[in-house]
Amino acid sequence: MIKHDSIRAVRWQDDHLDLLDQRLLPQQQKLLSCTTAQETADAIRNMVVRGAPAIGITAAYGVVLAAIQHQKKSAEAWQAAMHAEIGTLSASRPTAVNLSWALKRMQRSMETITGDPVPALLAEAHTILEEDIVANRRMGELGAELIEEGSGVLTHCNTGSLATGGYGTALGVIRTAYAQGKICQVFADETRPWLQGARLTAWELVQDGIPVQLNTDSAAAWLMKQGKVQWVIVGADRIAANGDTANKIGTYNLAVTAKYHGVKVMVVAPTSTIDMAISSGEEIPIETRPDSELLEWNGQRIAAEGANAWNPVFDVTPIDLIDVIVTDKGMFGKSQVQKTTNGMDGGLG
Ligand code: MRU
C-alpha cells in the first residue's frame, strides 16, 4: 500500500463478507461477518458500513452472498430469489445512488452469465471495488493539483478508506495533497449526530500519519473567519445532472459559509455517484433517520423529555455554491456542468 493509505473496511473472505464495524470505531476495531444478502442489507441500514461508494461495493458483495445462498434452487427459482434479495439490498438506504448503480451493474452481469453464477458475480464485485480505488487515486491527483502550498482544508463527515473501496474521495484528495506537502492543516468537522468526523475521519487520518484538528460543526464559520481555511473539500452521496450535490447534513451550511468568506468548495466523487436521471437536487431523496440519534446518546436520553427532533441526514448544496466537482473522468465547474445539461459535449456523466 502507498503512504498514508493503510485501511480497508470491506473485505471478501472465501465465502463471506467481512465489514469493519464502523459503529464501534475508534474504541474497538471489530469485524462483522455477513453470510446472507439480508445480513448485508441490515449492515448497510444500521451503519456498520457507510459512505456512498462503500455502500455500493458492499451491496455488490451482498448479491454474491445471495447467489451462494440460493445456488441449489432451479434456474427460475434462483432468478426470483435474486430479484427479491436485490430489492432488499436496494431499499437499505435511499440517498447514495452508488447503491443502485452497483446493483444495476450486478444485474447486468447476471444477465450475461452462463454456467455457475457465483465466480462471475464475485469477479464483478471485486472489479467494482478495485475500480473504486483506482478512481479515488485519480481524483486524488486531480484535486490535489488545485491546492496551493500552505493551504488549510476543512472536511465534513468521513469520505476516506472507510467510506469507499479504499483511499477515499475528498479524503483521497487530502491524502494526495498532504503527501505532496501542500496542506499545512487538515480541519475536520465532528459531524453531528453520528460523529463520522470525530470518530472515523480523525481515526483514519491518525492511523495514516496525517495530523488532524477537530472542530464542532458550528465552529466552521469562525474557523473560516480566522483565514485558516482555503478549501472546503467534501464527498457526495448523489450528484444531479445539473451538479447539485447531496452530501452529509451540514455540507450546505459549509458551502453557504464558504461563499461568504471567499473559501473555495470542492466536491469529490466518482462517476458512480452521478445520477444523470435526475435534473436537479430537488429530486434527490433525502434520508431521515430516527429521532433517537439526536435525543439520546448511547441509549441514554440527553434531550429534555417531551422534545421531539428532526433528523435529515443529508442536505443538497446547489451547484452555484460549488467551485469544482472532481470526478475520475475529469474536473467540472458550474459552466461545464451547464453545457452538459444543455446537451453539449463534456461535463458530468
Ligand atoms: O451517512 P453516511 O455516513 O453514509 O454519509 C456519508 C457521506 O455523506 C459521505 O460524505 C459521502 O457518502 C461520500 S463518501 C466517499
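**Exercise 1.** How many nonpolar, polar and charged residues does the lining of the second largest pocket have?

*Solution.* The model is predicted, so local features need pLDDT of at least 70 and side-chain atom pairs pLDDT 80 or more, while totals for chains, interfaces and linings use all residues. Residues are numbered from 1 along each chain as its sequence is written, and side-chain values use heavy atoms, without hydrogens and water.

Step 1. Fix the term: on a 1 Å grid over the protein atoms alone, a pocket is an open set of points with protein on both sides within 12 Å along at least five of seven lines, and lining residues have an atom within 4 Å of a point.

Step 2. Sort by class: Ala, Val, Leu, Ile, Met, Phe, Trp, Tyr, Cys and Pro are nonpolar, Asp, Glu, Lys and Arg are charged, and the others, Gly among them, are polar. The lining of the second largest pocket has eight nonpolar, six polar and three charged residues.

Step 3. Locate the lining. Helix 9 (251-261) and helix 8 (220-225) each supply at least two residues, and helix 9 gives the most, with three. Helices here are DSSP runs of H or I with at least four residues, and strands are runs of E with at least two, numbered from the N terminus.

**Exercise 2.** Describe the largest cavity and its lining.

*Solution.* Step 1. A cavity is a set of grid points where a 1.4 Å probe fits but cannot get out. Three cavities of 30 Å³ or more are counted.

Step 2. The largest cavity has a volume of about 160 Å³, volume being the space filled by probe spheres set on the points, which are joined across faces, edges and corners.

Step 3. Its lining has 22 residues, with Arg50, Gly51, Ala52, Asn158 and Asp237 nearest the centre. Helix 2 (52-69) and strand 9 (245-248) are the elements that give two or more residues to this lining.

**Exercise 3.** Which residues come nearest to the ligand?

*Solution.* Step 1. Count a residue as around the ligand if one of its heavy atoms lies within 4 Å. Of 18 such residues, Arg50, Ala52, Arg93, Asn247 and Lys248 come nearest.

Step 2. Look for polar contacts, here pairs of N or O atoms within 3.5 Å. Ligand oxygen atoms lie 2.6 Å from a polar side-chain atom of Asn247, 2.8 Å from one of Lys248 and 2.9 Å from a polar backbone atom of Gly51.

Step 3. Check the cover, using Shrake-Rupley accessible areas with a 1.4 Å probe. Alone, the ligand exposes 410 Å², and the protein buries 100% of that.

Notes
Near = heavy atom within 4 Å. Polar contact = N/O pair within 3.5 Å; in protein donor to acceptor, adjacent residues only side chain to side chain.
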